[in-house]
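Got your viewer open? Load the model below and keep the selection tool handy. We'll go stop by stop.

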Amino acid sequence: MEYVYRTKGTCSTNIELNVEDGVVKEVAFWGGCNGNLQGLSRLVKGMKVEEVITKLEGVRCGGRPTSCPDQLCRALHEMGY
């Protein structure tokens, strides 16, 4: 399933996801700190959704109340995970 999530409170604007059978196939962050987000995309590719949520949910970025990893988890929740 492909999904586009509009982020809230982060430097990226959107997260594009492709999840199949509970496994993250692709993640693309639009905008933001590109190098770090490319690394995050490579890290979660091939991971089970439950593992991604366990490791990244609630992660904060500096003084912000959320982060791109946390927003990724919110997007996965919106997808039904």
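What follows is a short walk from one helix to the other stops on the tour.

Before you click, know that this is a predicted model, in which local features need pLDDT of at least 70 and side-chain atom pairs count only at pLDDT 80 or more, while totals for chains, interfaces and linings use all residues. Residues are numbered from 1 along each chain as its sequence is written, and side-chain values use heavy atoms, with hydrogens and water left out.

**Stop one: helix H3**

Select residues 68–78, which make up helix H3. Helices here are DSSP runs (H or I, at least four residues), strands are E runs of at least two, and both are numbered from the N terminus. How many of the 11 residues of H3 are buried? Eight are, so this helix is mostly covered. "Buried" means under 20% relative accessible area, "exposed" over 50% and "partly exposed" in between, using a 1.4 Å probe and protein chains only. Among the buried ones are Leu-72, Cys-73, Ala-75 and Leu-76.

Now look at the two ends. At the N-terminal end, Ser-67 acts as a cap: one of its side-chain oxygens lies 3.2 Å from the backbone nitrogen of Asp-70. That is a polar contact, meaning a pair of N or O atoms within 3.5 Å; within protein, one must be able to donate a hydrogen and the other to accept it, and residues adjacent in sequence count only if both atoms are side-chain atoms. Past the helix you'll find Gly-80, with a positive phi near 105°.

**Stop two: Pro-69**

Stay in H3 and pick Pro-69. Pro-69 counts as buried because its relative accessibility is 16%. Show its surroundings: setting aside residues up to four places away in sequence, Pro-69 touches Leu-40, Leu-56 and Val-59, where contact means heavy atoms within 4.5 Å. Try a distance to Val-52 as well: the C-alpha atoms are 8.9 Å apart, with the two positions 17 residues apart in sequence.

**Stop three: a pair of cysteines**

Select Cys-68 and Cys-11. How many disulfides does a search of the whole structure find? Zero, taking a disulfide as a pair of cysteine sulfur atoms within 2.5 Å. For Cys-68, the nearest cysteine sulfur is that of Cys-11, 4.3 Å away. Cys-68 is buried at 6% relative accessible area, whereas Cys-11 is partly exposed at 32%.

**Stop four: the salt bridges**

Side chains of opposite charge can pair when their charged atoms come close. The structure holds two salt bridges, each a side-chain nitrogen of Lys or Arg within 4 Å of a carboxyl oxygen of Asp or Glu.

For one, select Asp-70 and Arg-74, whose side chains meet at 3.1 Å, N to O. They are four residues apart in H3, so about one helical turn separates them. Asp-70 is buried at 5%, while Arg-74 is partly exposed at 40%.

For the other, select Lys-45 and Glu-26, with their closest N and O atoms 3.1 Å apart. This pair links distant parts of the chain: Lys-45 sits in the loop between helix H1 (34–44) and helix H2 (49–56), and Glu-26 in strand S3 (residues 23–31). Lys-45 is partly exposed at 48%, as is Glu-26 at 41%.

**Last stop: Ser-41**

Finish in helix H1 with Ser-41. Is Ser-41 buried or exposed? Buried, with a relative accessible area of 12%. A polar atom of its side chain lies 3.1 Å from the backbone oxygen of Val-27. Leaving out neighbours within four places in sequence, Ser-41 is in contact with Val-27, Ala-28 and Phe-29.
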